[in-house]
Protein chains: 2
Amino acid sequence: MPAALSKILPFAWPVSFLSLSKLGSPIRTKSFSIRFFSAIVKSKHFCEALVYRSHGHYEDVIKLETFTLPPLGEEDIRIKMLAAPVNPADINMLEGTYAILPELPAIGGNEGVGKVLDVGSKVNNFTPGDWVIPVDSEFGTWRTEAVCHAASILKISKDIPLLSAATIGVNPCTAYRMLHDFEHLKPGDTVIQNGANSAVGQAVIQIAAAMGVKTINVVRDRPNLKELVEKLNCLGAHCIVTESMLLKRELVSIVKDLPKPRLALNCVGGQSAGYLLDYLQYGSTMVTYGGMAKKPVPVPAKAMIFKNIKIHGFWMSQWKRDNKHDISKQEAMLSELCELVKKGRLSAPACTEIPFYDYKIALDATMKPYQCSKQVLCML
Amino acid sequence: MPAALSKILPFAWPVSFLSLSKLGSPIRTKSFSIRFFSAIVKSKHFCEALVYRSHGHYEDVIKLETFTLPPLGEEDIRIKMLAAPVNPADINMLEGTYAILPELPAIGGNEGVGKVLDVGSKVNNFTPGDWVIPVDSEFGTWRTEAVCHAASILKISKDIPLLSAATIGVNPCTAYRMLHDFEHLKPGDTVIQNGANSAVGQAVIQIAAAMGVKTINVVRDRPNLKELVEKLNCLGAHCIVTESMLLKRELVSIVKDLPKPRLALNCVGGQSAGYLLDYLQYGSTMVTYGGMAKKPVPVPAKAMIFKNIKIHGFWMSQWKRDNKHDISKQEAMLSELCELVKKGRLSAPACTEIPFYDYKIALDATMKPYQCSKQVLCML
């Protein structure tokens with residue numbers, strides 16, 4: 001596809017390489033059709049991929065399939081996937097319940113790290129051996145190899161742990177953007193967040209600490225609270241409280257010596273989120289990026305009118321789309337995040353490495369409640 | 001007070017002219033003290049004012065008192081108040097339950113129109129006979145005369161009805177700012193609002209209509225609905241529905257031919273406000289300026305995350321303070337609103353004129369539920 005086309009149809013090209021036809025039949029995407037050939041057609045490169053051809057329970061719809069890769073175009077790159085996490089949103093996509101859904105058939109997975117194997121004749125910003133991650137969601141990362149347009153991937157440092165690289169593109173980026181795009185935080189400022197033990201929450205603690213920003217962290221009540229407190233303290237949490245302490249307003253005395261937060265980050269919703277508003281200072285913002293409690297955030301009129309609190313949402317997939325015209329913003333963010341990883345100031349969340357072919361174990365584990373470890377498919 | 005002081009202490013000077021001492025005793029304000037003299041001290045000019053010296057039920061705390069006016073400074077203006085409405089917020093101030101409270105003793109009333117009687121030697125932008133309204137809240141408009149700094153008042157057109165002038169400074173300004181400051185509305189765009197029969201709601205309908213913007217108006221169910229619909233239609237409402245139609249989702253079919261609203265204006269709260277969110281288009285804003293239902297707005301995570309809906313509040317008093325450094329913005333807004341009044345495109349809400357000395361009737365009427373008419377004290 002010519003470069004101009006990617007400008008006119010910015011979302012056209014990933015679809016073309018991600019969508020799969022039934023064996024041998026053509027797929028028409030938004031702009032053009034590509035013929036995928038079945039494994040029985042002889043070809044130099046092929047891939048194995050976790051494909052879904054309809055929406056439904058993940059166990060029923062996801063299948064390991066083998067495909068011949070399309071030929072390498074002059075602006076294309078062939079990559080070997082190294083590791084790709086299984087996020088709950090990936091499962092929601094299989095089930096057809098997520099806010100964005102690729103055309104079917106599609107390959108599962110939105111995040112992961114790959115290694116460049118081969119580059120097209122007009123590609124000069126990638127070299128075999130480079131580590132790359134997808135620019136956008138819907139890449140289809142649960143596969144062994146891929147051929148994609150050079151503009152659909154971003155180079156990242158190879159000097160970071162593989163699991164950090166595989167998981168850097170969504171959760172740490174979400175944390176980074178929320179800490180940078182809503183309030184101008186200065187060293188000494190305070191941020192309050194619930195769901196502080198989520199992968200995003202852990203990244204928030206670490207990135208905020210690197211910015212000199214203190215975090216007040218709300219976590220669910222649990223038997224092993226002491227261990228969790230120790231873990232989050234090690235990451236740089238300034239203060240950790242439980243949901244029940246929040247609901248009982250015990251937080252008031254605990255945080256009384258801190259400046260009032262300028263920013264609240266909410267992935268829970270319900271009354272837990274509503275109470276966070278009480279602690280915010282005049283003119284601050286609450287950003288919602290999840291709704292684990294499946295209850296709306298109750299926002300009192302007085303918080304909006306007299307405290308000028310702004311209530312916003314954040315979705316990394318949308319940010320990536322909105323900023324696709326200027327990839328330098330994403331590159332700068334990733335570069336900064338990789339530096340934090342190298343300095344030991346941003347660690348990957350707890351991960352369980354699962355061999356690619358044992359993908360069912362990874363999917364099952366992801367859907368179990370109270371998951372403390374991210375399942376990562378390893379293609380090595 | 002020198003001009004420089006008003007820049008350094010922008011809120012200092014109104015307080016000095018509004019606060020009242022016990023007869024003959026000095027008041028120390030933020031920056032300086034002023035001695036008010038009792039009526040028994042002979043002076044050329046005096047005023048009668050509705051004063052409260054403590055917070056409590058309005059009947060108990062508000063008293064008509066007579067005071068000598070302070071001498072006219074070289075940057076001061078002496079005005080005769082012509083008319084001043086009684087707004088619910090004024091009563092909340094007497095009761096001590098409002099978000100801002102003047103130092104006590106204080107004169108009631110935040111809004112109204114006066115006529116310039118006399119100007120200080122250094123005042124060159126006002127002439128006797130000009131109509132003026134307060135720049136800020138807490139002016140203390142329930143009085144017959146006042147001496148104030150020239151920077152604390154704004155000139156408005158004399159070619160508009162007295163009741164429009166008396167009520168232009170809060171409700172129409174609130175409507176104007178909400179329609180201009182949150183979304184860039186173009187002719188043909190749609191705004192949805194609840195409490196559409198409130199004074200702000202009526203101003204929203206009229207100002208939006210003048211902008212070529214269509215309004216979807218939600219009102220409470222009531223026996224005389226037909227009359228209300230006719231009245232709001234006359235003001236320029238595009239579509240009027242009741243709360244119960246909103247809750248039953250009957251609005252979907254009614255508004256299906258309209259573009260989805262880019263802006264929702266909420267003065268009710270509770271589920272009524274929550275449902276407004278369903279009709280908004282991607283990336284739009286809900287602005288809350290009241291909470292009549294005394295229930296928080298339930299905001300679902302998906303509205304914020306996947307529809308990028310922003311939830312903000314608006315408070316005219318705060319806007320005036322935030323923009324005090326550049327009074328031209330307020331002047332431009334008032335000029336535009338007065339032009340709409342002159343063209344017959346912005347009428348005052350239904351008002352009941354009450355002689356100043358019958359203030360108790362006006363206060364009682366304001367606190368009755370389902371008030372359809374604004375009480376205006378007339379000092380003429």
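The exercises below, each with a worked solution, concern a predicted model with chains A and B.

**Exercise 1. The makeup of chain A**

Task: State how many helices and strands chain A has, and what percentage of its residues count as buried.

Solution: Begin with the secondary structure, where chain A has 15 helices and 19 strands. Turn next to burial, for which the result is that 48% of the 380 residues of chain A count as buried. Finally, consider the contacts in chain A with a separation of 6 or more, of which 67% come from residues 24 or more positions apart.

**Exercise 2. Where the two chains touch**

Task: Work out how many residues of each chain are in contact with the other chain, which elements of chain A supply the side that touches chain B, and how the strands E16(A) and E16(B) run.

Solution: The count comes first: 26 residues of chain A are in contact with 25 residues of chain B. On the chain A side, at least two residues each are supplied by strand E16 (297-299), helix H12 (301-305) and strand E17 (310-313). Sorting that side of chain A by class gives 15 nonpolar, nine polar and two charged residues.

The next step is to look at the strands themselves, and here E16(A) is joined by three bridges to strand E16 (residues 297-299) of chain B, the two running antiparallel. Within this pairing, Val299(A) has Val297(B) of E16(B) standing opposite.

**Exercise 3. The order of strands in a sheet**

Task: Give the order of the strands in the open sheet of chain A that contains E3, and explain why one side of each edge strand is left without a neighbour in the sheet.

Solution: The open sheet has three strands in the order E4-E3-E6 (chain A), with antiparallel pairing. Strand E4 (62-68) and strand E6 (106-107) of chain A stand at the edges and have a single partner strand each, so one side of each has no neighbour in the sheet. To place residues on this picture, take strand E3 (residues 46-52) of chain A, which pairs with E4(A) in the antiparallel sense over seven bridges, and in which Tyr52(A) has Ile62(A) as its bridge partner in E4(A).

For chain B, start from strand E3 (residues 46-52), which is mostly covered, since five of its seven residues are buried. Seven bridges pair E3(B) with strand E4 (residues 62-68) of chain B in the antiparallel sense, and Tyr52(B) has Ile62(B) as its bridge partner in E4(B). Two further bridges link E3(B) to strand E6 (residues 106-107) of chain B, again running antiparallel, with Ile107(B) of E6(B) as the bridge partner of Val51(B).

**Exercise 4. A helix and what covers it**

Task: Determine which residues of H6(B) are buried, what covers the buried residues of H6(B), and how the axes of H6(B) and H7(B) cross.

Solution: Helix H6 (residues 171-181) of chain B is mostly covered, with nine of its 11 residues buried. The buried residues of H6(B) are Asn171(B), Pro172(B), Cys173(B), Thr174(B), Ala175(B), Tyr176(B), Arg177(B), Met178(B) and Leu179(B). Their cover includes helix H7 (199-211), strand E14 (263-266), strand E15 (285-288), helix H13 (316-322) and helix H14 (327-342) of chain B.

Now take H7(B) out of that list and compare directions: the axes of H6(B) and H7(B) come within 8 Å and cross at roughly 50°. An angle that is neither under 35 degrees, nor over 145, nor from 65 to 115 counts as oblique, and H6(B) and H7(B) are therefore oblique to each other. Their crossing is right-handed. The residues in the contact of H6(B) with H7(B) divide into 11 nonpolar, two polar and no charged.

**Exercise 5. A buried loop residue**

Task: Locate Ala151(B) among the strands of chain B, and decide whether Ala151(B) is buried or exposed.

Solution: Ala151(B) lies in the loop between strand E9 (145-149) and strand E10 (153-156) of chain B. The cut-off for a buried residue is 20 or more other C-beta atoms within 10 Å; Ala151(B) has 21 such atoms within 10 Å and is therefore buried. As a last step, consider Ile77(B), which is 74 residues from Ala151(B) along the chain, while the C-alpha atoms of the two are separated by 9.4 Å.

Methods
Residues are numbered from 1 along each chain as its sequence is written. Chains are lettered from A and ligands numbered from 1 in the order in which they are written. This is a predicted model: local features need pLDDT of at least 70, side-chain atom pairs count only at pLDDT 80 or more; totals for chains, interfaces and linings use all residues. Two residues are in contact if their C-beta atoms, placed from the backbone, lie within 7 Å. Helices (H or I, at least four residues) and strands (E, at least two) are DSSP runs, numbered from the N terminus. Ala, Val, Leu, Ile, Met, Phe, Trp, Tyr, Cys and Pro count as nonpolar, Asp, Glu, Lys and Arg as charged, and the others, Gly among them, as polar. Two strands pair if DSSP finds at least two bridges between them. A residue is buried if 20 or more other C-beta atoms lie within 10 Å of its own, exposed if 12 or fewer, and partly exposed in between; C-beta atoms are placed from the backbone. Axes are lines fitted to C-alpha atoms, for helices over the stretch in contact, and angles run from 0 to 180 degrees between N-to-C directions. A crossing is left-handed if the near helix is turned anticlockwise from the far one by less than a right angle, and right-handed if clockwise.
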